Structure formats: C-alpha cells, structure tokens
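Q: I should like to learn how the features of a protein model are read. Could we work through one example together?

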Amino acid sequence: MNQTIYEDWNGHKIKLTWLPGDEPPDPALVTSVHGICLHQGLVLAVHVQGRGYNVPGGHVEPGETPEEAFHREALEEGSVKGTIAYLGKMEVSHEENERFDPNGKYPMVGYQLFYRMDVTERLPFNREHECLTRIWVEPEEFRYVVNDHELVGQVLYEALHKNGEQK
C-alpha cells in the first residue's frame with residue numbers, strides 16, 4: 001500500500017511516499033539504502049550520533065550495488081551479517097520544496113531503498129563508526145524507540161510480512 005507524508009528536514013519541505021514491491025528504481029536515482037534487521041523475533045535499532053535511534057543504512061559508495069551497500073552499512077552500524085530481501089522504495093520528492101538546490105547532491109525525486117535482513121551473525125559491537133550503541137527491540141515497541149518518520153513503521157510491517165509470512 002502506497003502511503004505519503006510530508007516531513008520538515010532542516011527547513012526543507014519533503015514529500016515521502018512508501019512504494020512497496022519488487023521494482024527497484026534507476027540506480028542513478030538511489031540516494032541511500034536502509035533496512036529492517038531481524039533476529040529471534042527482535043528488530044535492530046542503532047543509536048546514530050546526533051540523530052537518535054534508527055535502522056541501519058546510508059549512502060551507496062562508488063562501485064557498490066545497493067545490496068552491497070546495505071550489507072556494509074548493517075555491518076558498520078549494527079555489527080550484523082545476514083541474508084537480505086528487497087522490500088521497496090521510499091520516494092523522496094523535493095518538488096514542493098522551495099529551498100531545493102538543483103545543483104545539490106540530491107535529485108529532485110530520488111529513492112531510498114529498503115531491505116529486510118535475517119541476521120545470521122551478531123558480531124561484537126565496537127562503536128567504530130557513527131553509531132553509539134545497538135539495541136534489539138520487540139516489533140510492537142519499535143515506533144516508540146526509532147526516531148524517524150512514521151513511514152518506517154510501514155516498512156517494518158512489510159518486513160514482518162514479507163512473502164505473506166508473519167515472523
């Protein structure tokens with residue numbers, strides 16, 4: 001189910017639309033990758049310095065596929081490895097953003113890709129990157145912990161019900 005909200009990102013009016021499904025966008029329009037990491041019925045939340053608790057994710061580095069980038073981000077931020085499945089994309093539209101910079105690093109309409117990771121390895125957490133800690137949260141408590149927009153809850157729902165199976 002598509003869902004749209006508006007967010008204020010540092011004074012920028014951004015339109016976010018969750019688009020579940022198997023059709024990834026043009027790789028040139030992918031701005032970042034993120035994911036719901038599941039282990040023994042719990043969801044990984046990482047405390048990102050300056051942003052609070054969130055799901056692991058970040059930018060795709062040159063030469064990486066989005067899948068490789070998500071594996072790297074999950075390892076760097078959450079110290080986890082696992083198998084992943086694509087869940088869908090978040091369309092990030094600046095079309096109504098009066099402060100949009102057409103010469104900036106983001107496209108007018110870009111996409112954040114989301115994955116589900118079934119964690120197979122939990123490695124020691126060493127605080128080597130921008131994350132201060134990791135916690136494992138019951139899915140019902142997720143919305144009270146993760147400091148992000150409400151559509152991340154829809155992504156969690158998709159992750160828990162991937163392939164029609166509730167986990």
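Q: How far apart are the mean positions of the positive and negative charges of the protein chain?
A: This is a predicted model. For the charges, one averages the places of each sign and compares the two means. Here the 15 positive and 28 negative charges have mean positions 4 Å apart.

Q: Which secondary-structure elements does the protein chain have, and what pattern do they follow along the sequence?
A: One counts the elements and then reads them in order. The protein chain has 9 strands and 3 helices. Their order along the sequence is β-β-β-β-β-β-α-β-β-β-α-α.

Q: What radius of gyration does the protein chain have, and what would a compact globule have?
A: The general idea is to compare the value with one expected from chain length. For 167 residues, a compact globule would have a radius of gyration near 15 Å, and the protein chain agrees because its own value is 15 Å. The C-alpha trace spans about 45 × 35 × 35 Å along its principal axes.

Q: What percentage of the residues counts as buried, and how much accessible surface does the protein chain have?
A: Burial is judged residue by residue, whereas the surface is a total for the chain. Of the 167 residues, 47% count as buried. The accessible surface is about 9,100 Å², and carbon and sulfur atoms contribute 46% of that surface.

Q: What share of the contacts with a separation of 6 or more joins residues 24 or more positions apart?
A: Sorting contacts by sequence separation shows how far along the chain the partners lie. In this protein chain the share is 70%. For a distance in space rather than a contact, consider Ala28 and Pro107: the two are 79 residues apart in sequence, with their C-alpha atoms 9.2 Å apart. Ala28 lies in the loop between strand S2 (12-20) and strand S3 (30-39), and Ala28 is exposed, with a relative accessible area of 65%.

Q: Where is Gln112, and which residues does Gln112 touch?
A: For a single residue, one notes its element, then its cover, then its neighbours. Gln112 belongs to strand S8 (residues 109-122). Its relative accessible area is 13%, so Gln112 is buried. Leaving aside residues up to four places away in sequence, Gln112 touches Trp9, Thr31, Ser32, His34, Gly88, Lys89, Met90 and Val92.

Q: How many disulfides does the structure hold?
A: One looks at the distances between cysteine sulfur atoms. The structure holds 0 disulfides. Cys37 is in no disulfide, and the nearest cysteine sulfur, that of Cys131, is 11 Å away. Since a disulfide requires sulfur atoms within 2.5 Å, this pair does not qualify. Cys37 is buried, with a relative accessible area of 0%. Cys131 is also buried, at 2%.

Q: What is the phi of Asn10, and what is the phi of Ser79?
A: Most residues other than glycine have a negative phi. Asn10, which is not a glycine, has a positive phi of about 55°. Ser79 likewise has a positive phi, near 55°.

Q: Where are these two residues, and is each of them buried or exposed?
A: One places each residue in its loop and then reads its accessible area. Asn10 is in the loop between strand S1 (3-9) and S2, and Asn10 is exposed, with a relative accessible area of 73%. Ser79 is in the loop between helix H1 (66-78) and strand S7 (80-93), but Ser79 is buried, with a relative accessible area of 9%.

Notes:
Residues numbered from 1 in each chain as written. Predicted model: local features only at pLDDT ≥ 70, side-chain atom pairs only at ≥ 80, totals over all residues. Heavy atoms only, no water. Helix = DSSP H or I, 4+ residues; strand = E, 2+ residues; numbered from the N terminus. Rg over C-alpha atoms; globule rule 2.2 N^0.38 Å. Buried < 20%, exposed > 50% of the residue type's maximum accessible area, 1.4 Å probe, protein only. Contact = heavy atoms within 4.5 Å. Areas by Shrake-Rupley, 256 points an atom, 1.4 Å probe, with all protein chains shown as cover. Lys, Arg positive; Asp, Glu negative; His and termini not counted. Charge placed at Lys NZ, Arg CZ, Asp CG, Glu CD.
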